[in-house]
Amino acid sequence: SSDLTFAGWGWGSSMTNTEMVIFSANGTSSSVDHVYATGHSLPADYPIVNGCYTSSWAETSDGFVQFTVTRPLDCGIATTYVVQTGVAVSAISAWNPGSPQLSYHGFGNHI
């Protein structure tokens, strides 16, 4: 990600009942956070999955922040998303090129 931006990834076809990973590119204060959305509003922290994801980030010499995140297909936690193999997986993403903070991303900055 470009520095001073955020990008998010969610397991589901919309923001309703969706586990998400948020990448905040903010120089030495960059972070990876786990949140859960119940609808089209600001998602809440979702600490139950902190042990499920392995995350790291590094600043690059060209002004970017590179994130690496891994997760097992099944976290073994009843309320988390289980990734099925051999089938299409619904996923959403959003970004805000003007802020590293999780924030409203506008109509054009999501898929």
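In which sense do strand E1 and E7 pair, and over how many bridges? In this predicted model, strand E1, which covers residues 5-11, pairs with E7 in the antiparallel sense, and the pairing runs over six bridges. A single pair of residues helps to locate this contact between strands by eye, for Ala7 has Trp95 in E7 as its bridge partner.

From this pair the view can be widened to the sheet. Five strands form an open sheet in which the order is E4-E3-E2-E1-E7, with antiparallel pairing. The edge strands of this sheet are strand E4, at residues 44-45, and strand E7, at residues 91-96, each of which pairs on one side only.

The secondary structure of the protein as a whole comes to seven strands and zero helices, and the elements, read from the N terminus on, therefore follow the pattern β-β-β-β-β-β-β. The radius of gyration is 14 Å, close to the 13 Å that the globule rule gives for 111 residues, so the protein is as compact as a globular protein of that length. Along its principal axes, the C-alpha trace spans about 40 × 30 × 25 Å.

The interior can be approached through its nonpolar residues. The largest nonpolar core has 13 residues, and those that touch the most other members are Val21, Phe23, Val32, Val49, Cys52, Tyr53 and Phe67. Strand E2, at residues 18-25, and strand E6, at residues 65-70, are the elements that give two or more residues to this core, and the largest share, three residues, comes from E2.

One of these core residues, Tyr53, deserves a look of its own. If its neighbours within four places in sequence are left aside, Tyr53 is in contact with Trp11, Glu19, Val21, His34, Val69, Thr70 and Arg71. A second core, separate from the largest one, consists of seven residues, among them Phe6, Met15, Ile22 and Ala37.

Some totals for the whole chain complete the picture. Of the 111 residues of the protein, 36% count as buried, where buried means under 20% relative accessible area. Among the contacts with a separation of 6 or more, 44% are accounted for by residues that lie 24 or more positions apart. Turning to the outside, the protein exposes about 6400 Å², and carbon and sulfur atoms supply 57% of that area.

Technical notes
Residues are numbered from 1 along each chain as its sequence is written. This is a predicted model: local features need pLDDT of at least 70, side-chain atom pairs count only at pLDDT 80 or more; totals for chains, interfaces and linings use all residues. Side-chain values use heavy atoms; hydrogens and water are left out. Two strands pair if DSSP finds at least two bridges between them. Helices (H or I, at least four residues) and strands (E, at least two) are DSSP runs, numbered from the N terminus. A nonpolar core is a set of buried Ala, Val, Leu, Ile, Met, Phe, Trp, Tyr and Cys residues joined through side-chain atoms within 4.5 Å. Buried means under 20% relative accessible area, exposed over 50%, partly exposed in between (1.4 Å probe, protein chains only). Contact means heavy atoms within 4.5 Å. The radius of gyration is taken over C-alpha atoms; the globule rule is 2.2 Å times the number of residues to the power 0.38. Accessible areas come from the Shrake-Rupley method with a 1.4 Å probe; for residues, only the protein chains shown count as cover.
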